Amino acid sequence: MSEGLDASAAQRGLGLVTGHGHDPFWPNDIGQDSIALSRALGHAQVTGSYLAALARRRQAKLAAFDRGLARDAPDVVTLIPVT
């Protein structure tokens, strides 16, 4: 959103990845020591890093609108392009 996308564009993009009904629930079951916070500048980066760590633990992929998160965790984050 900080890059000029409006809420409706973000919601359309989210609908593309959640519309199939196969979204798993990942319990909040890893400790803070599992999170790479070296590039975290604020709460949004902490949340993104935590979600990336959850995906990594489950050998899964995380879909995100955040270009920085996709750059910092390319092994587990797939960037959702929104136009």
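In this report a residue counts as buried under 20% relative accessible area, exposed over 50%, and partly exposed in between, using a 1.4 Å probe and protein chains only. By that scale leucine 14, at 42% relative accessibility, is partly exposed.

The model you are looking at is predicted, so local features need pLDDT of at least 70 and side-chain atom pairs count only at pLDDT 80 or more, while totals for chains, interfaces and linings use all residues. Residues are numbered from 1 along each chain as its sequence is written, and side-chain values use heavy atoms, with hydrogens and water left out.

**The chain as a whole**

Let's start with the overall layout. The protein chain has 3 helices and 2 strands, which follow the order α-α-β-α-β from the N terminus on. Its radius of gyration is 13 Å, close to the 12 Å that the globule rule gives for 83 residues, so the chain is as compact as a globular protein of that length. Here the radius is taken over C-alpha atoms, and the rule is 2.2 Å times the number of residues to the power 0.38. Helices (H or I, at least four residues) and strands (E, at least two) are DSSP runs, numbered from the N terminus.

The C-alpha trace spans about 35 × 30 × 20 Å along its principal axes. Of the 83 residues, 25% are buried. The chain exposes about 6,000 Å², with 56% of it supplied by carbon and sulfur atoms; these areas come from the Shrake-Rupley method with a 1.4 Å probe.

**Four residues to look up**

| Residue | Place | Relative accessibility |
|---|---|---|
| Leucine 14 | helix α1 | 42%, partly exposed |
| Tryptophan 26 | loop between α1 and α2 | 22%, partly exposed |
| Alanine 55 | helix α2 | 0%, buried |
| Glutamine 59 | loop between α2 and β1 | 77%, exposed |

Which residues does tryptophan 26 touch, not counting residues up to four places away in sequence? They are Leu51, Leu54, Ala55, Arg58, Ala60 and Lys61, where contact means heavy atoms within 4.5 Å. Tryptophan 26 and leucine 51 are 25 residues apart in sequence, and their C-alpha atoms are 9.3 Å apart in space.

Alanine 55 is in contact with Trp26, and also with Ala60, Lys61, Leu62 and Val76, once neighbours within four places in sequence are left aside. Between alanine 55 and aspartate 75 there are 9.6 Å from C-alpha to C-alpha, at a separation of 20 residues in sequence. Leucine 14 and valine 46, 32 residues apart in sequence, are 21 Å apart in space, C-alpha to C-alpha.

Glutamine 59 has a backbone detail to check: a positive phi of about 50°, although it is not a glycine.

**The second largest pocket**

The second largest pocket has a volume of about 330 Å³. It is lined by 14 residues, and Asp23, Pro24, Lys61, Leu62 and Ala63 lie nearest its centre. Which elements each supply at least two residues of its lining? They are α1 (7–18), α2 (43–57) and β1 (62–64), and the largest share, 3 residues, comes from α1.

A pocket is an open set of points on a 1 Å grid over the protein atoms alone, where a 1.4 Å probe fits, with protein on both sides within 12 Å along at least five of seven lines; lining residues have an atom within 4 Å of a point.

Terms used
Grid points are joined across faces, edges and corners, and a volume is the space filled by probe spheres set on the points.
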